[in-house]
Amino acid sequence: MPAPDRRPVALVTGPTSGIGESFARRLAAEGHDLVLVSRDRGRLDALAASLAARHEVACEVLPADLSRREDVLRVAERLRDDERPVDLLVNNAGLGVNQRFVGGDLDAELRQLDVLATAVLVLCHAAAPGMVARGRGAVVNVSSVAGFGPMGSYSAAKAWCTSFTEHLAATLRGTGVTATALCPGFVRTEFHSRAGMDVGARTSGWWLDSDDLVEDCLADVRRGRVLSVPSRRYTALVALLALLPPGGYRARLLSAGRRRTGTSRHD
Ligand SMILES: NC(=O)c1ccc[n+]([C@@H]2O[C@H](COP(=O)([O-])OP(=O)(O)OC[C@H]3O[C@@H](n4cnc5c(N)ncnc54)[C@H](OP(=O)(O)O)[C@@H]3O)[C@@H](O)[C@H]2O)c1
């Protein structure tokens, strides 16, 4: 993304902790003005004040609950404002619903899907036309390695996020605008404690540092990479999952169905 003739502006969702906070801190250190979007006004204000004082950048605070359609549309409006263009959109806000799907709380499932998928779709839809018209810009959608396998409604939403970002990147090819899906594994943030998840000792050795993965991701964005998978270990895991031969789980599901039902009416 070539440097604009003004300070570049990044809009980051979910900057009040974890990966989003690492994005906000890194981008401010690199000289971006910021638009900070999440629910916790107190934490947004404190972050904005600290980044503005430390890096002499402008920080705008836009409190919004991205599970609420009217709030998402307000953020979309900010992204469409051609007078104050946004050069980098980081769709990072997220949560995990820690419950069994069958018999679980439907509202919690819908909130998760709205933040992880609907808000991402609406904000990309709002940001992309202005970026294309300006001939520069980038979108980062924070997805997950969980999206590469069937592990519940969270992983299904992340599979959507990765697939959608791949499609967006293909659509944007040749426009000067890029789209990147960041697919981390376990990262030390507030994510698991907020969800009340105990991920256990078996995961030790698999944890990533959010500052490191953000630094690597922004390097991938500059290279125009569509997929950013941090660490050799997770890259190998994702490559392995992608390369599974026709013995992969979908092929097994298909052949299992065929064995039970015999030929179909369409054969
Ligand atoms: N940690 C991991 O192991 C891991 C692995 C792979 C992918 N990810 C993904 O990484 C992203 C960031 O997660 P994290 O690990 O940094 O978690 P985190 O520390 O819990 O941070 C989540 C951020 O999302 C914001 N947020 C949550 N619900 C929101 C809502 N309804 N509206 C607006 N903002 C909301 C929170 O801000 P407020 O509370 O201020 O609203 C917070 O800033 C998520 O998309 C997550 O799925 C995490």
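**Exercise 1.** Is Asp71 buried or exposed? Determine also which salt bridges Asp71 forms.

*Solution.* The structure is a predicted model.
Step 1. Asp71 has a relative accessible area of 11%. Because buried means under 20%, Asp71 is buried.
Step 2. Asp71 forms a salt bridge with Arg68, with the closest N and O atoms 4.0 Å apart. Arg68 is partly exposed, at 42% relative accessibility.
Step 3. A salt bridge also joins the side chains of Asp71 and Arg74, at 3.5 Å from N to O. Arg74 counts as partly exposed, at 36%.
Step 4. Both Asp71 and Arg74 belong to helix α3 (residues 69-80), where they are three residues apart, about one turn of the helix.

**Exercise 2.** State which strands stand at the edges of the sheet, and describe how helix α7 packs on the sheet.

*Solution.* Step 1. The seven strands of the open sheet follow the order β3-β2-β1-β4-β5-β6-β7, with parallel pairing.
Step 2. β3 (59-63) and β7 (227-228) each have a single partner strand, so they stand at the edges, and one side of each lacks a neighbour in the sheet.
Step 3. β7 pairs with β6 (residues 177-182) over two bridges; Leu227 in β7 is the bridge partner of Ala181.
Step 4. Helix α7 (residues 210-222) touches β4, β5, β6 and β7, and its direction makes about 150° with that of β6.

**Exercise 3.** Explain which parts the salt bridge between Glu215 and Arg26 ties together.

*Solution.* Step 1. The closest N and O atoms of Glu215 and Arg26 are 3.8 Å apart.
Step 2. Glu215 lies in helix α7 and Arg26 in helix α1 (residues 18-29), so the pair ties together parts 189 residues apart in sequence.
Step 3. Arg26 and Glu215 are linked with Glu30 and Arg222 in a network of salt bridges.

Definitions and conventions:
Residues numbered from 1 in each chain as written. Predicted model: local features only at pLDDT ≥ 70, side-chain atom pairs only at ≥ 80, totals over all residues. Heavy atoms only, no water. Pairing = 2+ DSSP bridges. Helix = DSSP H or I, 4+ residues; strand = E, 2+ residues; numbered from the N terminus. Contact = heavy atoms within 4.5 Å. Axes fitted to C-alpha atoms, helices over the stretch in contact; angles between N-to-C directions. Buried < 20%, exposed > 50% of the residue type's maximum accessible area, 1.4 Å probe, protein only.
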